[in-house]
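Here are some short exercises to work through with the sequence and the 3D view side by side. Try each task yourself before you read its solution.

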Amino acid sequence: MELFSHLVTGFETSLQPANLAYCLIGVIVGTAIGVLPGLGPLATISMLLPLTYALDPVSALIMLAGIYYGAQYGGSTTAILVNLPGEASSVVTAIDGHKMANSGRAGAALSIAALASVFAGTISTFFVAGFSPLLASVALSFGPAEYFSLMVVGLVAAVILASGSLLKAIGMVLVGLILGSVGIDNNSGAYRFTFGSIELSTGIEFVSIAMGLFAFADIIAHVSDKTSNKTVIHKITHLWPTRQDFKDATPAATRGTILGSILGILPGGGAALASFSAYTLEKRVSRHPERFGNGAVEGVAGPEAANNAAAQTSFIPMLTLGIPSNGTMALMMGAMMIHNIAPGPQVITQQPVLFWGLVTSMFVGNVMLVLLNLPLVGIWVKLISVPYRYLYPAILMFCVIGLYSIQNQTFEITVAAVFGLLGYLFMRMRCEPAPLLLGFILGPMLESNLKRAMLLAKGDATTFFTRPISATMLLIALLLLLSVVVPQFRKKREEVFTEEA
């Protein structure tokens, strides 16, 4: 009954006209950037962060959340029709989805993807609503030592589950930790890494780093890419799947929902990892694995359910523990901090309207997506034919205006430009920037909880090992590190991220 009353409160918030409008804007923008290859939710949310200064916190988070899970829908459309995934999480969908389109079943593939997505999105949102309060109540008993250990687990998992080289991922996290320490130390009052700059004394602005690493770097990468974007688009006929399609897709979507819901919670996990894992699972449990790669319905339903479920449940650790599970959740944390809302277990108790309004908006957003996506398929596909040289000047102008509006100074634009060049360099070096963002967000919190724990323990470092919860989390972090040396795990990890690349 208590959960029901909370959901009623949430729907009263999310169904307000203003919040409905921002939810609609979010899912439409999310679908559009999911369709456009390369311009993912990370870059888009980083561009829109300055806009959230002027919005109500609930409306801002509802819109940003809609962009994130809306992108998972949009990516499948072009993956199926033109074999051009708009999102990394839709790469697997293209394998069988495009084969279905080649055989004249593009409509059925799109419908299966949309229905699997809305099914997974709805079920996983119930999971968020039911599991988050339980986890938050446990987290309320955490002290500084437990939070420090939890953040260590988050950073270690982010390193292990980051794509590419482990060594590069570790380096990116360390860079993020260093950048997070720039400014005046709260305890000693000493200046750290400011190099005499007054602007850096208050630290580096989160929006500048995010916009530089993702939006600016994305623009540089696309401008330097001379490849043509001409595509052959398949005609869409017979949207409704057959009875056999439903029979094959239902168990695959169910398994994908369960797997994606679990992987979405893990720090460092996300929609891309969930979709690849779901495809591997479907191929292994299938009685006819030879059909995969040749238009198997399960190869569309499983990954699409998994990536949407993971997108929803990735909000759980961010909202309840204050630990972002991926780069997009780090941006969501940044949006909350802009409004002086500290992510963590106190959000549910101190900001119930915000929490339950955001959760119920996911139900509303999923309904909007399934009603919008199929009728607007033609419009989404036409977006691909727009040359990027016409898009990036408007994107760049929007970014610069947003950066200047933060403090009415050009310094933030300069910082973003520097990180834009660094972000492009990271792309060329195959260094994923998301771990850097996680390190930047968690670094100050990690340091603060370390100092508080040591003060309470009077300098006794064994406090992290004598407190049961803290010791358990440090043990988990150690096991995660040791798992890297297991040949089977390392092989599977390399296979997944080689496919993604």
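**Exercise 1.** Which element gives the largest share of the lining of the second largest pocket?

*Solution.* Before we start, note that this is a predicted model, where local features need pLDDT of at least 70, side-chain atom pairs count only at pLDDT 80 or more, and totals for chains, interfaces and linings use all residues. Residues are numbered from 1 along each chain as its sequence is written, and side-chain values use heavy atoms, with hydrogens and water left out.

Step 1: learn the terms. On a 1 Å grid over the protein atoms alone, a pocket is an open set of points where a 1.4 Å probe fits, with protein on both sides within 12 Å along at least five of seven lines; its lining residues have an atom within 4 Å of a point. Helices (H or I, at least four residues) and strands (E, at least two) are DSSP runs, numbered from the N terminus.

Step 2: find the place. The residues nearest the centre of this pocket are Gly180, Val182, Thr202, Gly203 and Pro444, out of 36 that line it.

Step 3: compare the elements. Two or more lining residues come from each of α8, β1, α14, α19 and α20. The largest share, nine residues, belongs to α20.

**Exercise 2.** Check the length of helix α10 (residues 243-265), then look for its bend and its buried side.

*Solution.* Step 1: the expected span is 1.5 Å times one less than the number of residues. For the 23 residues of α10 this should give 33 Å, and the end C-alpha atoms are 33 Å apart, so the two agree.

Step 2: a bend is the angle between axes fitted to the seven residues ending at a residue and the seven starting there. In α10 there is one of about 30° at Ala249, with Pro251 following within four residues.

Step 3: buried means under 20% relative accessible area, with a 1.4 Å probe and protein chains only. Among the buried residues of α10 are Asp245, Ala249, Gly256 and Ile265. Their cover includes α6, α11, α12 and α13.

**Exercise 3.** Is Gly30 buried or exposed?

*Solution.* Step 1: locate Gly30 in helix α2 (residues 17-35).

Step 2: Gly30 has 0% relative accessibility, so it counts as buried.

Step 3: look for its partners, taking contact as heavy atoms within 4.5 Å. Beyond its neighbours within four places in sequence, Gly30 touches Gly66, Ile67, Gly70 and Ala71.

Methods. Buried < 20%, exposed > 50% of the residue type's maximum accessible area, 1.4 Å probe, protein only.
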